[in-house]
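Let's walk through this structure together, one question at a time. Have a look at the sequence and the coordinates, then read on.

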Amino acid sequence: MKLNKTLTGIATFLLMTQLNAQNKSYLDQSKPLEERISLLLKEMTLEEKVGQMNQYNGFWEVTGPAPKGGTAELKYDHLKKGWVGSMLTVRGVKEVRAVQKIVVEETRLGIPLIIGFDVIHGYKTLSPIPLAEAASWDLEAIKKSAQVAALEASASGINWTFGPNVDVTHEARWGRIMEGAGEDPFLGSKIAKARVQGFQGDTKADLLKTNTIAATAKHFAAYGYAEAGLEYNRVEMGNAELYNMVLPPFKAAKEAGVRSFMNGFNLLNGIPVTGSGFLQRKILKKDWKFDGFVITDYSSIREMIAHGFAKDESDAATKAVVAGADMDMESYIYVAELAKLVREGKVKQELIDDAVTRILRVKFELGLFDDPYKYLDEKREKESIGTKASHEAVLDMARKSIVLLKNDKNLLPLKKSGQKIALIGELAADKNSPLGSWRIASDDNTAVSVLEGLQKYKGNQLTYEKGADVAPGKTTFIDEVKINTADTSEFEAAKTAAKNADVVIIVLGEHGFQSGEGRSRTDLGLPGVQQELLEEVYNVNPNIVLVLNNGRPLAIPWAAENIPAIVEAWQLGTETGNAVAEVLYGDYNPGGKLPVTFPRNVGQLPVYYNHYSTGRYNNTDGLVFWSHYIDSDKTPQFAFGHGLSYTTFEYSDLKIEKPEYQKGDPVKISVKVSNTGNYDGKEIVQLYIHDVTASLARPVKELKGFENVFLRKGETKTVNFVLTDAELGFYTNEAQYLVEPGTFEIFVGGSSDKTLTSQFELK
Ligand code: BGC
């Protein structure tokens, strides 16, 4: 034992002597991390520093011959010079090892790459799209889903994800609504924390493990408010809205220890966020004391020229680095411009040192300097991806993400035997669309389809008819999806099947590639001929269960009015069909709640529950002069927080402990929730507040608490909430957080539009 220790001591001494001789003392693990960073920084040339701020997309068959010509050759050359700090979208142990080996073995300092990838809703085994996951309001399950994604991605050599997307949005037209947690900053903050901790672990030390990856909060900030829901569009917003609605999930991610932030493509009040010192330097790095790094969005430094904000590449580089963008994703601009700009005295050396320090810090925290190949283990890659445990986790997440929007005739759950069931809809048999949008590492056609899920239930007679194509032809992540707007030739067969059935299950909605980046829509109805199909099938058999597939809120007023049962099944990932079948047959009692408002029509947009009053919100005199539409109801089709169960819940005894509180005192609220139906089930109990009068008008309702409660039939539970200053205040336009005295209304219920109400005074 003693001899062992002595030998280890000698070995360490020899290694350190050798490292010091090579000036590689930053590799000495016994030194504090910050010291290791500054030791390394001292060794680096300006070009090597700038190189750390440069990220390239994957480019050539890295395990094949060296590239000749074009950007591939340039990237290869830069890798060998140590001018690349990170690569994205290189995946697989063999491929990652090939690029890592170049920088570790062929460059002077051997600084390892950090390998980024869009692990957004799973890696190979896919979870539901993030918006769907948010409908579970189940933070443990969401965290678990991110853990599975991290496990699979890290086994494939990746150590950094560009997620979670924490963009709050009110825009159903915007395709990237599928990537976030919906419209609410409170729910969004809780989910941001769960996702960050799922990817990274609970503490910084967890980053050293091989099954965690660094996370990114994106897109900083306000991208979700793209004007008219048009992708990459401008955003105009006052500070109060920014601080109260947009920033909270980012702040929560920061507090959960997220190691990077990504800026974005949008302008915020005329300034590209990539060039915004207000966001990146002031708010993020100064006010919030964030010590990780900022990665730009893909080529967003270059896009500042097209925005009309930067004159040329050199101007763009200067503006981005001054604003606090630390790493350039695929603009080729930092690597081309920064060293020159520093030498000319146009960019301060400290800015470069600050950016590089941040990037190196995360690399050290991940343990990449101690072992650049730590994620690269073929055996683990083989054994950890697509396991039974991964499938179980994403199935659990999929079940929990389903929202029962309507169940009028008690068509659901389906009887298990003696029924003739007609299953209709191309999406019902689709094994690709349910995988969603961000699924680069997963194989096409690997989802369990709804058809396959239902076929496992043998007691009924199941007939399948497509009815109509939704998106004929090949669909991909990078191409426009072509929609069938004309071919109704298979309607008749579907109608015949429907006519002969006791119950019709019809799966309609968007293809998985109709939402996501670059996929804004102006029409939120069922794409193509699907509405027509639905109405024709209804005419022959109105006993319809409509299963919706979509990556955004849809506007389906006819269906909401006429179809007796509607199940929101989003795109649920690899295990889609199993989850949907279990819910339809009642083996899983759905308990999800909408994390976004569903409009009646696109003209209502933006429509969201935490809106403001107007001076004339309600009609008091029967005249026309009040806030309304003359051609549509202004209320949503389905409210934020809405979601049914096969059982029923009743709320009673809403109590606030005292009628008056002093500022700073915890406000204690309780409510009784009873399961009054015939099934055990889960209810998400929601607490909203309204600050009735304030120096800045406040939304009519704001979510400030929720609890997932499981109740056996006949059971009653008391649910308790506590409100503190953290929930009762708001930010002013000067970014000051105020908790103001006055009356607060409290609403508790199973949806934002169905609540019990009480109030208290804050003195
Ligand atoms: C997206 C980012 C993504 C990046 C890298 C961009 O187009 O906006 O969210 O992380 O590409 O794939």
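## Ligand site, helix packing and unusual backbone

An oxygen atom of the ligand sits 2.8 Å from an N or O atom in the side chain of E517. Keep in mind that this is a predicted model.

Q: How much of the ligand's accessible area does the protein cover?
A: On its own, the ligand has 310 Å² of accessible area. The share of this area covered by the protein is 92%.

Q: At what distance is an oxygen atom of the ligand from an N or O atom in the side chain of D118?
A: D118 belongs to the residues around the ligand, a list that also includes L88, F162, R176 and Y298. Between a ligand oxygen and an N or O atom of the D118 side chain, the distance is 2.4 Å.

Q: How many residues in the shell around the ligand are charged?
A: The shell includes D118, K218 and E517. Sorted by class, it has 6 nonpolar residues and 1 polar residue, and the charged ones number 5.

Q: Which residue does a cis peptide bond join to K218?
A: K218 is one of the residues around the ligand, and an N or O atom in its side chain is 2.8 Å from a ligand oxygen. The cis bond has an omega of about 0 degrees. Its other partner lies in the loop between β5 (216-218) and α9 (239-255). That partner is H219.

Q: What is omega for the peptide bond from L605 to P606?
A: P606 is placed in the loop between α22 (576-584) and β17 (649-656). The bond leading to P606 from L605 is cis, with omega near -5 degrees.

Q: Where does T89 lie?
A: Most residues other than glycine have a negative phi. T89 is not a glycine, yet its phi is positive, about 65 degrees. Its place is the loop between β2 (86-88) and α5 (93-106).

Q: Is the crossing of α7 past α16 left-handed or right-handed?
A: The axes of α7 (residues 139-155) and α16 (residues 388-401) come within 10 Å and cross at roughly 145 degrees. Among the residues that meet are I142 and V148 in α7 and A393 and M397 in α16. By class, this contact has 5 nonpolar, 2 polar and 4 charged residues. The crossing is left-handed.

Terms used:
Residues numbered from 1 in each chain as written. Predicted model: local features only at pLDDT ≥ 70, side-chain atom pairs only at ≥ 80, totals over all residues. Heavy atoms only, no water. Axes fitted to C-alpha atoms, helices over the stretch in contact; angles between N-to-C directions. Helix = DSSP H or I, 4+ residues; strand = E, 2+ residues; numbered from the N terminus. Left-handed = near helix turned anticlockwise from the far one by under 90°. Contact = heavy atoms within 4.5 Å. Nonpolar A, V, L, I, M, F, W, Y, C, P; charged D, E, K, R; others polar. Near = heavy atom within 4 Å. Polar contact = N/O pair within 3.5 Å; in protein donor to acceptor, adjacent residues only side chain to side chain. Areas by Shrake-Rupley, 256 points an atom, 1.4 Å probe, with all protein chains shown as cover.
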